[in-house]
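Here are some notes from my pass through this model, in numbered points. Have the viewer open while you read.

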There are 2 protein chains.
Amino acid sequence: MRLAELSGRSGVPTATIKYYLREGLLPPGERVTATQAEYGEEHVRRLGLVRALIQVGRVPVATAKEVLHAIEDASLPHDARLGIAVESLPPPRGSAVDPEVLEAAGGRVAELRNALGWDHATTSVGQEMLVTAVATLMQLGYPCSAEHLMPYARLAGELAAHDMDLVEGFETPTTQLEAAVALTVLYEPVLLGLRRMAHAEEATRRYGKGVGTRS
Amino acid sequence: MRLAELSGRSGVPTATIKYYLREGLLPPGERVTATQAEYGEEHVRRLGLVRALIQVGRVPVATAKEVLHAIEDASLPHDARLGIAVESLPPPRGSAVDPEVLEAAGGRVAELRNALGWDHATTSVGQEMLVTAVATLMQLGYPCSAEHLMPYARLAGELAAHDMDLVEGFETPTTQLEAAVALTVLYEPVLLGLRRMAHAEEATRRYGKGVGTRS
DNA sequence: CCGTATTGGATAGCAACACTATCCCGTGAT
DNA sequence: ATCACGGGATAGTGTTGCTATCCAATACGG
């Protein structure tokens, strides 16, 4: 398969594929002559994943590169690759929060983890996300005590177990890693979309039809 | 309060505040002389909300403007304002999915709604998000049948009820609307952060300490 | 009053990001 | 022989969210 065909199969313009190759998001094709390279099925798969990460998951190109490299770094054991891949996932989305509030939020999250018995994993990007979000809520004066967060957290725990079961359903290490990354990222819009739908549903039930209107 | 003080109180640079004023994200201050305006406490609150929407919620400036205008449009009834505000929230984050797959995904979501009995709200941005995400998953060959989605959906339903209860805890219509917007947006990173944390926890339990390592 | 300092408004510039368009040269197929 | 195409390099584009610079009008301290 040449570049043009890869482009046709995946729906991604050749210029963009070249860009991904340049950035190391796609492994180079197998050089068949001095000026041409051959691409295979796994390039198609990989390209799909890349697009999904970038377009749906909003993952920055540089981050996607790290994640994908972690997946295929054969020098690492499976569990480390998984860890690096999923922990590399979100951009550290900086937001200027008062460091004092941030600390308070950190305490609250620690409290929550304690109450839940989540004492295995030490730190994680997820925790940073959470602390920042909680700090922002606190700064705006919205409630997010450990008790408020508990129901969310319990639900998150159920989801996580469900997700991991799904991932374990894949056979080979590589497909498992790919699935872990893809499901981590792609189920985020699923979850958020469902929450929004549920909001709309609940609001309509409570307040009537006026809620569902769009501008 | 003058612009400089508003800037000091909120931690937002004056240039940025001017930008928000220009874009209509903040109502103009009360003109006290020909060249000066007076800002009040509600500008501080509003500015906090704007920053939260933009920086934490990643809401585009133009979208934030719509949302905030809906909140304060006194000519509309409360429920309509709520509807417009939350339905304006997410950017329609276009992602090029095969329209055929998209349709299949739409069918699956309809099936899910049917199974859940979510028949009040008609369409919603949330549903679009969900359909797109499901279509992407399908295109990549990952499982997301209605059955797979059920546990997520049920949890989303619980969350929604919980969220609405929270919002109802606020007294005035305006604070309720603000809370609805803020909680819709700001609990998204909370939820995602918790899910990620739960993943890390569960992965560590299942596979050991290697998972929590960062690159 | 006078001089300096701000304020608010307008305009233009900047940095990051994800592409995208152009050029060029070497092949490869005919 | 030739001529389109593949692939590499380079530079340009459009968007977004600010940021920096100017400017005239006015406050305000003395």
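1. A bit of vocabulary before the DNA: a residue counts as near a strand if one of its heavy atoms lies within 4 Å of that strand. With that in hand, take DNA strand C: of its atoms within 4 Å of the protein, 68% belong to sugar or phosphate, and bases supply the rest. Keep in mind throughout that this is a predicted model.

2. The chain itself. Chain A has 9 helices and 2 strands, and reading along its sequence gives the pattern α-α-β-β-α-α-α-α-α-α-α. Along the principal axes, the C-alpha atoms of chain A fill a box of roughly 65 × 45 × 35 Å.

3. How is chain A divided? Domain 1 covers 3-87 and domain 2 covers 99-212. Taken over C-alpha atoms, the centres of these two domains of chain A are 28 Å apart. In chain A, 15 residues of domain 1 touch 14 residues of domain 2, and the area buried between the two is about 1,300 Å², with carbon and sulfur atoms giving 77% of it. On the domain 1 side of chain A, the residues that lose the most area to domain 2 are Ile71(A), His78(A) and Glu87(A), which together make up 36% of what that side buries.

4. On to the pair of chains. Chain B can be laid on chain A with an RMSD of 0.1 Å, using a turn of 180 degrees and a shift of 0.0 Å along the axis. The two copies are thus related as by a two-fold rotation axis. The contact surface fits that picture: 100% of the contact residues of chain B recur in chain A, and the same surface serves both copies. Which residue of chain B comes closest to the rotation axis? That is Leu155(B), whose C-alpha is at 3.2 Å.

5. Next, the interface between the chains. The size of an interface is often given as the accessible area lost when the parts come together. For chain B and chain A the buried area is about 9,300 Å², and carbon and sulfur atoms give 66% of that. In chain B, Tyr152(B), Arg196(B) and Met197(B) lose the most area to chain A, yet together they give 9% of what that side buries. As for contacts, 98 residues of chain B meet 98 residues of chain A.

6. Back to DNA strand C. There are 23 residues around this strand, and Tyr20(A), Thr33(A), Leu3(B), Thr35(B) and Gln36(B) come nearest. Two contacts from chain A go to phosphate oxygens of DNA strand C: a polar side-chain atom of Thr16(A) is 3.2 Å from one, and a polar backbone atom of Val61(A) is 3.3 Å from one. From chain B, a backbone N or O atom of Thr35(B) lies 3.4 Å from a sugar or linking oxygen of DNA strand C. H2 and helix H3 (41-56) of chain A, along with helix H1 (3-10) and H2 of chain B, give two or more residues each to this surface. H2(A) has the largest share, with 5 residues. By class, the surface near DNA strand C has 12 nonpolar, 6 polar and 5 charged residues.

7. Now DNA strand D. This strand is surrounded by 22 residues, the closest being Leu3(A), Thr35(A), Gln36(A), Ala37(A) and Thr33(B). Sugar and phosphate account for 72% of the atoms of DNA strand D that come within 4 Å of the protein. What does Lys18(A) reach on DNA strand D? A polar side-chain atom of Lys18(A) lies 3.3 Å from a base oxygen. Thr35(A) uses a backbone N or O atom, which lies 3.4 Å from a sugar or linking oxygen of DNA strand D. Tyr20(B) puts a polar side-chain atom 3.1 Å from a phosphate oxygen of the strand.

8. Which elements supply the surface near DNA strand D? Helix H1 (3-10) and helix H2 (14-23) of chain A, together with helix H2 (14-23) and helix H3 (41-56) of chain B, each supply at least two residues. H2(B) gives the most, with 5 residues. The surface near DNA strand D divides into 12 nonpolar, 5 polar and 5 charged residues.

Methods
Residues numbered from 1 in each chain as written. Chains lettered and ligands numbered in written order. Predicted model: local features only at pLDDT ≥ 70, side-chain atom pairs only at ≥ 80, totals over all residues. Heavy atoms only, no water. Least-squares fit on C-alpha atoms with pLDDT ≥ 70 in both. Contact = heavy atoms within 4.5 Å. Polar contact = N/O pair within 3.5 Å; in protein donor to acceptor, adjacent residues only side chain to side chain. Helix = DSSP H or I, 4+ residues; strand = E, 2+ residues; numbered from the N terminus. Nonpolar A, V, L, I, M, F, W, Y, C, P; charged D, E, K, R; others polar. Domains from an automatic or database assignment. Buried area = accessible area lost by both parts, 1.4 Å probe.
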